[in-house]
Amino acid sequence: MEFGIFTIGDVTTDPTDGTTVSEHQRIKNTVEIAKKAEEVGLDVFATGQHHNPPFVAPANPPVLLANIAAQTERLELSTATTLITTTDPVRIAEDYSYAQHLSDGRVSLIMGRGNTGPVYPWFGKDIRAGIPLAVENYNLLYRLWREKNIDWEGKFRTPLNGFTVTPTPLDEVPPFVWHGSIRSPEIAEQAAYYGDGFFHNNIFWPTSHTARMVQLYRQRYEYYGHGKASQAIVGLGGQVFMRKNSQDAVREFRPYFDNAPVYGHGPSLEDFSTQTPLTVGSPQQVIERTLSFRDWAGDYQRQLFLIDHAGLPQKTVLEQLDLLGEEVIPVLREEFAKGRPADVPDAPTHESLVIRHREGRDPIPGGGEGSRAFEDRQARAAEAAQEGADQA
């Protein structure tokens, strides 16, 4: 199981002293945070993708990820969202293949549609077509990373004739893809169809909702014959703020919560902590809350925490990383390993994906022979053939 952090890259005024870091400093701070994550023993750093203030999370995440790759050695570099709806799949294929080479395979993606409506018309898209865009664009991206001289025509972009992505993916194995969604079952279905991972960034949602989404993905993953439901590749988000003493954590974090750009001036800190995975307290409370995720999500592969938002000072963020690395993650690794079935896979790595590819075990989109999906297609084809014969 892998543990890490993700950033949304917001530039927010510190409500306790009125200071606001510059965009330049926020970007530099983000790189420092990523390097610190590797230093304290975390596995993953992930960045969002934004095109609007108050965010400086990159509009083109591979730029940031490649910069961090040059300054780290083992850290997995991921997107927290790659906007599959408004970013050209050709650019995604090219840019992330390049970043994959620069990082020696330490790149993965979480596909998403984002939560900023105005982005769609800025890029000539209609938000009402969000799901069809996600489906068509990912189908093209999937092919671009695996085929050469592609002829393709769809609804949302110009056709391709004899197109080949360059550079091709490292070792002929594309970066691993997670499909991220907080509310759309169609995206859980998409992840299962391809045998990809499903990431639910459940920081705004109650456990009951997230559990239903994860369960749907697991059921459909098995239906398509990629493995048992318990072997599906699941990732979860989380949100924490810690001090040695829980009362100190609540007192310090409250003004940041109350004025946060996303959820400030809404529910109280106490209500939001009850209704969502937000955990403000001691390291032990974070450990206990995170371990409880397995009760409703099953054994899963990736846990990412949000720790650097709402105007929190850089010094405070780095202190949070120290607490994660020294007191939280070692315990989580040990406890999550207990009772974990041997056939539940670890989080995919480039090395494991290369082995899978060379052994001919890549998932077959839509389900191969022997899957229930394949059997259902055969049955429908037989029924259609029989109907045609009867009509004749």
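These exercises work through the fold, helix packing and local geometry of one predicted model.

Residues are numbered from 1 along each chain as its sequence is written. In this predicted model, local features need pLDDT of at least 70 and side-chain atom pairs count only at pLDDT 80 or more, while totals for chains, interfaces and linings use all residues; side-chain values use heavy atoms, with hydrogens and water left out.

**Exercise 1. Overall build**

Task: Describe the make-up and extent of the protein, and test its radius of gyration against that of a compact globule.

Solution:
- Start with secondary structure. The protein has 14 helices and twelve strands. Both are DSSP runs numbered from the N terminus: helices are H or I with at least four residues, strands are E with at least two.
- Next, take the box. Along the principal axes, the C-alpha atoms fill roughly 80 × 45 × 40 Å.
- Now test the radius of gyration, which is taken over C-alpha atoms. The globule rule is 2.2 Å times the number of residues to the power 0.38. For 392 residues a compact globule would have a value near 21 Å; the protein has 22 Å, which agrees.
- Check burial. Buried residues make up 53% of the 392 residues. Buried means under 20% relative accessible area, exposed means over 50%, and partly exposed lies in between (1.4 Å probe, protein chains only).
- Finish with contacts, meaning heavy atoms within 4.5 Å. Among contacts between residues at least 6 apart in sequence, 72% join residues at least 24 apart.

**Exercise 2. Three helix pairs**

Task: Give the packing geometry and contact residues of α1 with α12, α2 with α3, and α6 with α7.

Solution:
- Fix the conventions. Axes are lines fitted to C-alpha atoms, for helices over the stretch in contact, and angles run from 0 to 180 degrees between N-to-C directions. Angles under 35 degrees count as roughly parallel, over 145 as roughly antiparallel, 65 to 115 as roughly perpendicular, and the rest as oblique. For residue classes, Ala, Val, Leu, Ile, Met, Phe, Trp, Tyr, Cys and Pro are nonpolar; Asp, Glu, Lys and Arg are charged; the others, Gly among them, are polar.
- First pair. Helix α1 (residues 23-39) packs on helix α12 (residues 314-337) at about 15 degrees, with axes 10 Å apart. That makes α1 roughly parallel to α12. From α1 come Asn29, Glu32, Ile33, Lys36 and Ala37; they meet Gln314, Val317, Leu318, Leu321 and Asp322 of α12. This contact has five nonpolar, two polar and three charged residues.
- Second pair. The axes of α2 and helix α3 (residues 89-102) come within 9 Å and cross at roughly 5 degrees. The two are therefore roughly parallel. Pro61, Pro62, Leu65 and Ala66 of α2 meet Asp95, Tyr96, Ala99 and Leu102 of α3. Seven of these residues are nonpolar, none is polar and one is charged.
- Third pair. Helix α6 (residues 185-194) and α7 pack at about 35 degrees, with axes 8 Å apart. Pro185, Ala188, Glu189, Ala191 and Ala192 of α6 meet Met213, Leu216, Tyr217, Arg220 and Tyr221 of α7. The count is eight nonpolar, no polar and two charged.

**Exercise 3. Backbone exceptions**

Task: Locate the cis peptide bonds at Pro54 and Pro167, and place the positive phi values of Asn149 and Ala310.

Solution:
- Recall the background. Most residues other than glycine have a negative phi, and most peptide bonds are trans.
- Take the prolines. The Pro53 to Pro54 bond is cis, with omega about 10 degrees. Pro54 sits in the loop between β2 (44-47) and α2 (61-69). The Thr166 to Pro167 bond is also cis, with omega near -5 degrees. Pro167 is in the loop between β7 (160-163) and β8 (176-180).
- Take Asn149. Its phi is about 55 degrees. Asn149 lies in the loop between α5 (130-144) and β6 (150-152). At 56% relative accessible area, Asn149 is exposed.
- Take Ala310. Its phi is near 65 degrees. Ala310 lies in the loop between β12 (302-306) and α12. At 1% relative accessibility, Ala310 counts as buried.

**Exercise 4. Two buried residues**

Task: State the setting and contacts of His209 and Gly238, not counting residues up to four places away in sequence.

Solution:
- His209 is in helix α7 (residues 207-223). Its relative accessibility is 12%, so it counts as buried. His209 touches Ile182, Arg183 and His200.
- Gly238 is in strand β10 (residues 234-242). Gly238 is buried, at 1% relative accessible area. Its contacts are Phe6, Asn202, Ile203, Gln303, Leu304, Phe305 and Leu306.
- Add one distance. Gly238 and Val280 are 42 residues apart along the chain, and their C-alpha atoms are separated by 11 Å.
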